[in-house]
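Me: I have a structure to go through with you. Let's take it feature by feature, with short answers.

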Amino acid sequence: MNKYKLTFTVTIEDLDDPAARQQAKGIAEAISGVLEGAEVKLQQVNTDRPPRGVRMD
């Protein structure tokens with residue numbers, strides 16, 4: 001049996017980190033209602049360095 005991973009991106013634009021986390025939490029709750037065990041990670045995107053991220057468990 002082969003294992004596959006489905007990945008998709010949702011861009012969130014907001015003024016600060018807490019506001020973006022609140023939006024991400026709502027999306028994560030909606031996804032977990034449909035897909036049990038889904039991993040959700042919020043990353044801050046920068047133009048001059050790699051993304052900084054946290055898991056939203």
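Me: Which class, nonpolar, polar or charged, has 15 residues in the lining of the largest pocket?
Reply: This is a predicted model. By class, the lining has 6 polar residues and 9 charged ones. The class with 15 residues is nonpolar.

Me: What volume does the largest pocket have, and how many residues line it?
Reply: The space in the largest pocket comes to about 1200 Å³. Nearest its centre lie Phe8, Val10, Lys41, Leu42 and Gln43. They belong to a lining whose residues number 30.

Me: Which element gives the most to that lining?
Reply: Three elements give two or more residues to the lining of the largest pocket: strand S1 (41-44), strand S2 (52-55) and H1. The top contribution is 7 residues. That element is H1.

Me: How far does H1 reach from its first C-alpha to its last?
Reply: H1 has 18 residues. At 1.5 Å a residue, the expected reach is 26 Å. The model comes close to that, with 26 Å.

Me: Why do the buried residues of H1 lie on the same side, and what arc do they cover?
Reply: The buried residues of H1 are Ala20, Ala24, Ala28 and Ile31. They sit on the same side of H1 because their arc around the axis is so limited. In an α-helix there are 3.6 residues a turn, so residues three or four places apart point the same way. The arc is only 70 degrees.

Me: Which residues are exposed on the other side of H1?
Reply: Exposed means over 50% relative accessible area. On the side of H1 away from the buried residues, three names qualify. They are Pro18, Gln22 and Gly33.

Me: Is Lys25 of H1 buried or partly exposed?
Reply: Lys25 has its place in helix H1. Buried needs under 20% and exposed needs over 50%. The relative accessible area of Lys25 is 42%, so Lys25 is partly exposed.

Me: How far apart in space are Lys25 and Leu42?
Reply: In sequence, 17 residues separate Lys25 and Leu42. In space, C-alpha to C-alpha, they are 9.2 Å apart.

Me: Which side chain meets Arg21 in a salt bridge?
Reply: Side chains of opposite charge can pair when their charged atoms come close. The whole structure holds 1 salt bridge. Its N to O distance is 2.7 Å. The partner of Arg21 is Asp17.

Me: How many residues apart are Arg21 and Asp17 in helix H1?
Reply: Arg21 is partly exposed at 35% relative accessibility. Asp17 is partly exposed too, at 34%. Both lie in H1, about one turn of the helix apart, a spacing of 4 residues.

Notes
Residues numbered from 1 in each chain as written. Predicted model: local features only at pLDDT ≥ 70, side-chain atom pairs only at ≥ 80, totals over all residues. Heavy atoms only, no water. Salt bridge = Lys/Arg side-chain N within 4 Å of Asp/Glu carboxyl O. Buried < 20%, exposed > 50% of the residue type's maximum accessible area, 1.4 Å probe, protein only. 1 Å grid on protein atoms, 1.4 Å probe; cavity = no way out; pocket = protein on both sides within 12 Å on 5 of 7 lines; lining within 4 Å. Points joined across faces, edges and corners; volume = space filled by probe spheres on them. Nonpolar A, V, L, I, M, F, W, Y, C, P; charged D, E, K, R; others polar. Expected span 1.5 Å × (residues − 1). Arc of directions from axis to C-beta.
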